[in-house]
Amino acid sequence: MIEIVNWKQGTQVTNEMKLEFRAVSDNEAFARTAVAAFVAQLNPTLEEISDIKTAVSEAVTNAIIHGYDGENREENKVWLSCMIKSDVLEVEISDRGIGIENIEKAMEPLYTSKPELERSGMGFSFMEAFMDDLEVISEVGQGTTIHMVKKIGITSWIVNEEL
């Protein structure tokens, strides 16, 4: 399911996108490409796009590998939503998997709950480094939501009156 919504709120244009896809590794590339295409309307730099794609890739991979414990069942889904408010991108990635028992521990650099899969344990560190804000909300047995925020460049001082 793909949904894109546009509307005008006062003088601030807001754009929103929502995706739902199966929790399979092949969809990680789809998710990061979709977010990069969505944020293109803000005219980000290549570095900003690369940062966003890396953070999204890490969050989606965490949902698939850790959230669903690697189980590839048809009902396992990942939800991705993006919202643009002026020059700020907000990205939210959610699963309804096993959840995180100790978020603080999980966010430590080099920590991984899957060392047998040769995971680096740097996913949350990359998300924090490449985005301006990161919030992790999780409940054991209910799933995890990762909320990330990134300010893009400098907004033009010229306002398009037709918006």
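Is Lys-151 buried, partly exposed or exposed, and what is its relative accessible area? In this predicted model, Lys-151 is partly exposed, and its relative accessible area is 41%. Its partner in a salt bridge is Asp-87, with 2.5 Å from N to O. The two residues lie 64 positions apart and link distant parts of the chain. Asp-87 sits in the loop between β3 (77-85) and β4 (88-95), whereas Lys-151 belongs to strand β6. Asp-87 counts as buried because its relative accessibility is 12%, under the 20% cut-off.

The overall architecture comprises four helices and six strands. From the N terminus, the order of elements is β-β-α-α-β-β-α-α-β-β. The chain has 163 residues, and 42% of them count as buried. Among contacts with a separation of 6 or more, 62% join residues 24 or more positions apart. The exposed surface of the protein amounts to about 9,500 Å². Carbon and sulfur atoms supply 50% of that area.

Helices α1 and α2 pack against each other. Their axes come within 9 Å and cross at roughly 145°. The crossing of α1 past α2 is right-handed. On the α1 side, the contact is made by Glu-28, Ala-31, Arg-32, Val-35, Ala-36 and Val-39. On the α2 side, the residues are Ile-49, Ile-52, Lys-53, Val-56, Ser-57, Val-60 and Thr-61. By class, the contact divides into eight nonpolar, two polar and three charged residues.

Asn-27 also belongs to helix α1, which spans residues 26-39. Asn-27 is buried because its relative accessible area, 19%, falls under the 20% limit. Leaving aside residues up to four places away in sequence, Asn-27 touches Phe-21 and Arg-22.

Strand β2 covers residues 12-22 and includes Leu-19. Leu-19 has a relative accessible area of 4% and is therefore buried. The C-alpha atom of Leu-19 is separated by 6.2 Å from that of Ser-81. Along the chain, these two residues are 62 positions apart.

Helix α4 runs from residue 123 to residue 130. Its buried residues are Gly-123, Phe-124, Ser-125 and Met-127. The cover over these buried residues includes two helices, α2 (46-67) and α3 (103-106). Strands β5 (133-139) and β6 (143-151) also contribute to this cover. Strand β6 thus appears in two settings: it covers buried residues of α4, and it holds Lys-151 of the salt bridge with Asp-87.

The count of salt bridges comes to five. One of them, Asp-87 with Lys-151, was described above. Another joins Lys-18 and Glu-16, whose closest N and O atoms are 3.9 Å apart. The cut-off for a salt bridge is 4 Å, so this pair qualifies. Lys-18 is partly exposed, with a relative accessible area of 34%. Glu-16, at 17% relative accessibility, counts as buried. Glu-90 and Lys-85 form a further salt bridge, with 3.7 Å between the closest N and O atoms. Lys-85 is partly exposed, with a relative accessible area of 33%.

Conventions. Residues are numbered from 1 along each chain as its sequence is written. This is a predicted model: local features need pLDDT of at least 70, side-chain atom pairs count only at pLDDT 80 or more; totals for chains, interfaces and linings use all residues. Side-chain values use heavy atoms; hydrogens and water are left out. Buried means under 20% relative accessible area, exposed over 50%, partly exposed in between (1.4 Å probe, protein chains only). Contact means heavy atoms within 4.5 Å. A salt bridge is a side-chain nitrogen of Lys or Arg within 4 Å of a carboxyl oxygen of Asp or Glu. Accessible areas come from the Shrake-Rupley method with a 1.4 Å probe; for residues, only the protein chains shown count as cover. Axes are lines fitted to C-alpha atoms, for helices over the stretch in contact, and angles run from 0 to 180 degrees between N-to-C directions. A crossing is left-handed if the near helix is turned anticlockwise from the far one by less than a right angle, and right-handed if clockwise. Ala, Val, Leu, Ile, Met, Phe, Trp, Tyr, Cys and Pro count as nonpolar, Asp, Glu, Lys and Arg as charged, and the others, Gly among them, as polar.
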